[in-house]
Amino acid sequence: AASDVYKRQFSYRGRTFKNTSLSFDNPGTVDISPRTMLGYMAGILGGNAVISRDDKLNVTFYQNTGFNIDLDTQYMGSFEKDKSVPLAVGYLTTGTNENVLTVGNGSYGFNFTNPYILNTSAAQNILNANADLKFVPGTVKFRGNPFFDSGDIVLVEGKDGTAYPLLCLLY
């Protein structure tokens, strides 16, 4: 039946995600919320589902914003980095508890569950979509900026004058 098969080619913002087969089986009825299902579908694209400020559903990707948080904007020079050099995403682990899929290698990567990612080809597409992601893990306290969204990468000035890319995860 058509409801048991999902197309495996997605195109979004100029990115096309293809795998070697044209369809995959529905992993079965999963008791989840619509919000979780949207997250799964956005995850297949390598992004995150968000509701925009104008109340539209968007798939967003980790991206450099060009915004800077300089020492004057920080609360008492509060930037604390966990590493001194940017980390690169080298691997991705996904799938389900019964079907764990890992692609790539390296010390840092993404780990998440998605029952709709059923093979390593699909997982590799997601890793490839985030291959350029580099950031320094850390925290900073500052006045805030209404233009920042979760998933944005901003440049934070360290006490040494160096601008470090920081991934906004909690804002």
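Two strands are taken to pair where DSSP finds at least two bridges between them. By this criterion, strand β10 (residues 91-95) of the predicted model pairs with strand β11 (residues 100-104) in the antiparallel sense, over 5 bridges. One of the residues involved is Tyr91, whose bridge partner in β11 is Gly104. The two strands, β10 and β11, form a hairpin, and 4 residues lie between them.

The hairpin belongs to an open sheet of 3 strands, ordered β11-β10-β12, in which the pairing is mixed. The edges of the sheet are occupied by β11 and β12 (109-111); each has a single partner strand, and therefore one side of each is left without a neighbour in the sheet. On average, and with direction ignored, neighbouring strands of this sheet are turned by 15 degrees against each other. Helix α2 (residues 120-129) packs on the sheet, where it touches β10 and β11, and the direction of the helix makes about 45 degrees with that of β11.

At its N-terminal end, α2 is capped by Asn119, a side-chain oxygen of which lies 3.1 Å from the backbone nitrogen of Ser121. The buried residues of the helix are Ala122, Ala123, Asn125, Ile126 and Leu127. In general, an α-helix has 3.6 residues a turn, so residues three or four places apart point the same way.

For the chain as a whole, the secondary structure comprises 2 helices and 16 strands. Of the 171 residues in the chain, 34% are buried. The accessible surface comes to about 10700 Å², and carbon and sulfur atoms account for 51% of this area. Where contacts join residues at least 6 apart in sequence, 52% of them link residues at least 24 apart.

The largest nonpolar core contains 17 residues, and those with the most contacts inside it are Leu92, Ile117 and Leu133. At least two residues of this core are supplied by each of α1 (34-44), β11 and α2. The largest share, 4 residues, comes from α2. Beyond its neighbours within four places in sequence, Leu133 is in contact with Tyr62, Leu87, Ala88, Val89, Phe110 and Ile153. Another core, of 10 residues, lies apart from the largest one and includes Ile69, Phe148, Val156 and Tyr164.

A polar residue, Gln74, is placed in the loop between β7 (63-69) and β8 (80-81). Residues with under 20% relative accessible area count as buried; Gln74 has a relative accessible area of 5% and is therefore buried. The side chain of Gln74 reaches the backbone nitrogen of Phe79 at 3.3 Å. With neighbours within four places in sequence left aside, the contacts of Gln74 are Ile69, Phe79, Val140, Lys141, Phe142, Val156 and Glu157. Among these contacts of Gln74 are Ile69 and Val156, which also belong to the core of 10 residues.

Technical notes: Residues numbered from 1 in each chain as written. Predicted model: local features only at pLDDT ≥ 70, side-chain atom pairs only at ≥ 80, totals over all residues. Heavy atoms only, no water. Axes fitted to C-alpha atoms, helices over the stretch in contact; angles between N-to-C directions. Contact = heavy atoms within 4.5 Å. Buried < 20%, exposed > 50% of the residue type's maximum accessible area, 1.4 Å probe, protein only. Areas by Shrake-Rupley, 256 points an atom, 1.4 Å probe, with all protein chains shown as cover. Core = buried A, V, L, I, M, F, W, Y, C linked by side-chain atoms within 4.5 Å. Polar contact = N/O pair within 3.5 Å; in protein donor to acceptor, adjacent residues only side chain to side chain.
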